[in-house]
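Subject: A structure for you to explore

Hi there,

Here is the structure I promised to pass on to you. Have a look at it first, and then read on for what turned up in it.

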Amino acid sequence: MSNADRHGLITKVVRDSGGATVQQLAELTGASEMTIRRDLDTLAAQGVLERVRGGARSLLLRGEEPPFALRAHEAVDTKRRIAAEVSALIADGESVLLDSGTTCLEVARLLRERPVTVMPLSLQAIQLFGATPGPATLVVPGGQPRAAEGALTGPLTLASLAALRFDTAVIGCCGLSATDGLTAYDLDDAAVKKAGIASARRTLLASDGSKLGRTAFAHVGPSTLLHTLVTDTTAPADEVTALENAGTIVTTV
C-alpha cells in the first residue's frame, strides 16, 4: 500500500469512527506501528486529525463540513477520473470558471496543460496555475479566502463574476438531489456558485457519488441549471435517473 493510499485509509477510518488506535490502524493497513505513528504525525500537522496518546481522533463535528485538508485525502482516484472526464469535455480555447474544492483542484492540474483561459475560485488552484508556466491563461478574481478552505468569496468575487462571461463553469457541490437541487454548506459559497453559474454558457458539475441524494444548508439552485454532471458509479441510481429525467446529462466514470 502506497503512502497516499494508507493516508487516505487512515483518514477515512478516523473520520468514520471518530478515532482509532495505532494498533488498530497497523492491523488494518498492514504497516508497522512505527509507520502508523509517523503517518498520524504527518496528518495531524496537515490538520486532518488530532493526535492523541495511542492513536488519533477526528476533528470533525457531526454535520460539519469536512475541512479541505481532510477531503484532499478522500477518494483521490475517483476525483482524478472525474477530473479527466471534465477536462475532456472542455475544448481548447474555451474560457473556464473553475470552482473551489478538491475535485476542482484535480481539474486544475489538467487544465494548466491546456490552451484555455481559466479563472479559479480558490487559492490552491491559483497557486497551482501560477507555479508552473504553461499554455493556460490565468485570470485571478478578487475576494476574501475562507479560512483553511482557500475558497474566494465576498463582494469582490461576485463583482469579478458579474464582469465576465465564460464558456463553461466547472462547479463542485456539497449536496445534489433532483428534489432540492444544488446545495452548499456555506451561504457565501452558495452565492459565489450561483453567480458563477449565471456567468457561464453551460455548467458542468464535478462530484463523486457520495454528494448525490444529500442536501446541505445553503441552496444554490435547481438541478435544471446543470448541463452535465460528471460523477462515479457509486452515485445512487434513483438520483441519477431523476436528474436525467429533469434534463441533466449524467456521465459516470
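Two strands count as paired if DSSP finds at least two bridges between them. Keep that in mind for what follows, and remember too that this is a predicted model.

**Starting from one strand**

Let's begin with strand 4, which covers residues 95-98. Which strand holds the bridge partner of L97, M119? That partner sits in strand 5, and strands 4 and 5 pair in the parallel sense over four bridges. Strand 5 itself spans residues 117-120. Helix 6 (residues 102-111) joins these two strands in a right-handed β-α-β unit.

L97 also has a bridge partner in strand 9, namely A169. Strand 9 takes in residues 166-171, and its pairing with strand 4 is parallel, over three bridges. From A169 you can step onward, since T203 is the bridge partner of A169 in strand 12. Strands 9 and 12 are again parallel, with five bridges between them.

Now put these pairings into the wider picture. The strands belong to an open sheet of seven strands with parallel pairing, in the order 6-5-4-9-12-14-15. At its edges are strand 6 (137-138) and strand 15 (249-252), each of which pairs on one side only.

**Two faces, two cores**

In a regular strand the side chains alternate between the two faces of the sheet. Are the two faces of strand 4 covered or open? Both are covered: S95 and L97 lie on one side, V96 and L98 lie on the other, and all four are buried.

The nonpolar cores are a good place to look next. The largest one has 27 residues, and L97 is among those with the most contacts inside it, together with L176, L182, L205, L212 and L229. Several elements each supply at least two residues of this core, including strand 9, helix 9, strand 12 (200-206) and helix 10 (237-245). A second, separate core has 21 residues, and V96, L98, L105 and V107 are included in it.

So as you turn the model, try following strand 4 from one face to the other: L97 belongs to the largest core, while V96 and L98 belong to the second one.

**A smaller sheet**

There is also an open sheet of three strands, with antiparallel pairing and the order 10-11-13. Strand 10 (175-177) and strand 13 are its edge strands, each pairing on one side only. On average, neighbouring strands of this sheet are turned by 30° against each other, direction ignored. Strands 11 and 13 run antiparallel and are joined by three bridges. There, L182 stands opposite G221 of strand 13. You have met L182 already, as one of the residues with the most contacts in the largest core.

**Charged pairs**

How many salt bridges does a search of the whole structure find? The total is 11. Here are a few to look up:

- E50 and R57 meet through their side chains at 2.8 Å, N to O. Both count as partly exposed, with E50 at 30% relative accessibility and R57 at 42%.
- K193 and D189 form a salt bridge at 3.6 Å, N to O. They are four residues apart in helix 9 (residues 187-198), so about one helical turn separates them. Both residues are buried.
- R112 and E113 form one at 3.7 Å, N to O.
- R80, E106 and R109 are linked in a network of salt bridges.

**The cysteines**

For a disulfide, two cysteine sulfur atoms have to be within 2.5 Å. By that rule, the count is zero. C104 is in no disulfide, and the nearest cysteine sulfur to it, that of C173, is 9.4 Å away. C104 is buried, with a relative accessible area of 1%. C173 is in no disulfide either, as the nearest cysteine sulfur, that of C174, lies 6.8 Å away. At 8% relative accessibility, C173 counts as buried.

If you are unsure where to begin, start at L97 and visit its partners M119 and A169. Enjoy exploring!

Best wishes

Definitions and conventions. Residues are numbered from 1 along each chain as its sequence is written. This is a predicted model: local features need pLDDT of at least 70, side-chain atom pairs count only at pLDDT 80 or more; totals for chains, interfaces and linings use all residues. Side-chain values use heavy atoms; hydrogens and water are left out. A salt bridge is a side-chain nitrogen of Lys or Arg within 4 Å of a carboxyl oxygen of Asp or Glu. Buried means under 20% relative accessible area, exposed over 50%, partly exposed in between (1.4 Å probe, protein chains only). A crossover is right-handed if, with the strands pointing away from the viewer, the path from the first strand over the helix to the second runs clockwise. A nonpolar core is a set of buried Ala, Val, Leu, Ile, Met, Phe, Trp, Tyr and Cys residues joined through side-chain atoms within 4.5 Å. Axes are lines fitted to C-alpha atoms, for helices over the stretch in contact, and angles run from 0 to 180 degrees between N-to-C directions.
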